[in-house]
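Open the model in your viewer and keep the sequence panel visible. The tour goes from one selection to the next.

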Amino acid sequence: MLVRDDLCTGCGLCQPYCPVGAITVGDVAVIDQDRCVECAICHRSGICPVDALELHWLTWPRLVRALFSDPLLAHPGTGVLGRGTEEMKTNDVTGRFRPGQVGVGIELGRPGMGTSFRDVEVMATRLAALGVGFEPDNPVTQLMVDGAGHLRPDVLGERALSAIIEFTVPQDRLPQVLAAVREAGALIETVFSLDVIVPDPGRHAEEVARLCREAGFPVRPNGKTNVGLGHRRAAWAGGPGGAGSGTGGGAGGAAAGRGTGTGPVGGEEGTR
Ligand code: SF4
Ligand code: SF4
């Protein structure tokens with residue numbers, strides 16, 4: 001996002017709209033281009049009385065910022081708006097988290113600080129070392145260049161409002177995963193939240209919640225379901241839980257870190 005100095009009056013009205021604090025205001029508004037994640041919220045708010053906020057043409061790799069941060073921009077690799085993942089909410093239809101496994105979602109960034117893709121890589125490489133199964137239909141996975149969780153080098157200097165790492169792992173290996181998340185969380189410079197998804201909440205949710213608590217993560221149980229609007233996949237028809245019901249019972253934890261950024265698939269250039 002750019003500010004037209006010739007129009008800006010320094011009124012400061014746009015400043016509270018920036019979710020990452022990239023706007024400072026003196027005689028005119030100044031946008032810190034490193035902190036700006038190209039979410040376009042300031043522009044879309046229509047708050048500027050003189051139209052001084054200006055969208056500009058984004059080229060790769062800066063384009064990755066918008067692909068992960070602009071809630072009205074569809075990710076080319078997933079077709080989903082914003083940071084581009086359907087996550088656990090559609091599990092009753094997709095069956096991506098199977099009985100005996102837990103799904104894990106780690107959202108880096110937000111509130112107020114965003115994340116760097118370098119920090120996303122720190123988390124991803126530690127998880128890859130455990131042999132987790134990264135979700136292929138996920139924007140972060142689509143930035144990975146190897147099985148070790150490394151991201152495209154050209155996005156490492158970029159930032160995003162948030163980025164979600166998603167994967168599945170057998171339930172008996174969850175303690176290792178939680179230990180790795182805690183270790184990586186101490187190395188990054190952003191906040192993150194941790195979702196642990198149980199596809200069969202009746203059987204395993206309590207056990208998973210206990211493992212999370214033992215690893216030092218506070219637990220907030222949460223239910224996600226399509227309320228019968230989707231058709232369960234055939235592979236799930238005989239599975240635990242019975243037809244038509246639910247999805248992930250989550251053991252949602254939250255953890256803190258400190259840090260930054262993200263990136264998308266590979267369109268080399270784009271705009272809004
Ligand atoms: S585009 Fe988003 S991050 Fe950039 S200055 Fe505007 S509100 Fe802030
Ligand atoms: S709202 Fe417009 S005029 Fe006011 S500080 Fe922001 S860019 Fe400048």
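This is a predicted model. Start with the surroundings of helix α4: select β6 (101–108), β7 (115–116), β10 (163–170), α5 (174–185) and β11 (190–198), which are among the elements covering the buried residues of α4.

Now select α4 itself, residues 117–128. The helix has twelve residues, and from first C-alpha to last it reaches 16 Å, close to the 16 Å expected at 1.5 Å a residue. Ten of those twelve residues are buried, so α4 is largely enclosed by the rest of the structure. The buried set is Phe-117, Asp-119, Val-120, Glu-121, Val-122, Met-123, Ala-124, Arg-126, Leu-127 and Ala-128; charged residues, including Asp-119, Glu-121 and Arg-126, are in it.

Next, pick Met-123. Leaving aside residues up to four places away in sequence, Met-123 touches Ile-106, Leu-108, Ile-165, Ala-184 and Ile-188.

Widen the selection to the largest nonpolar core, which has 65 residues. The members touching the most others are Ile-106, Val-120, Met-123, Ala-124, Ile-165 and Val-208. At least two core residues come from each of α1 (41–44), α2 (63–69), β6, α4, β10, α5, β11 and α6 (201–214). The largest share, seven residues, is from α4. Colour by domain: domain 1 (1–56) and domain 2 (84–258) both contribute residues, so the core lies between them.

Finish at ligand 2. Its shell holds 15 residues, the closest being Cys-8, Cys-11, Cys-14, Ala-29 and Cys-48. What is the make-up of the shell around ligand 2, by nonpolar, polar and charged residues? Twelve are nonpolar, three are polar and none is charged.

How values were computed: Residues are numbered from 1 along each chain as its sequence is written. Chains are lettered from A and ligands numbered from 1 in the order in which they are written. This is a predicted model: local features need pLDDT of at least 70, side-chain atom pairs count only at pLDDT 80 or more; totals for chains, interfaces and linings use all residues. A residue is near a molecule or strand if its C-beta atom, placed from the backbone, lies within 6 Å of it. Helices (H or I, at least four residues) and strands (E, at least two) are DSSP runs, numbered from the N terminus. The expected span of a helix is 1.5 Å times one less than its number of residues. A residue is buried if 20 or more other C-beta atoms lie within 10 Å of its own, exposed if 12 or fewer, and partly exposed in between; C-beta atoms are placed from the backbone. Two residues are in contact if their C-beta atoms, placed from the backbone, lie within 7 Å. A nonpolar core is a set of buried Ala, Val, Leu, Ile, Met, Phe, Trp, Tyr and Cys residues joined through C-beta atoms within 7 Å. Domain bounds come from an automatic or database domain assignment.
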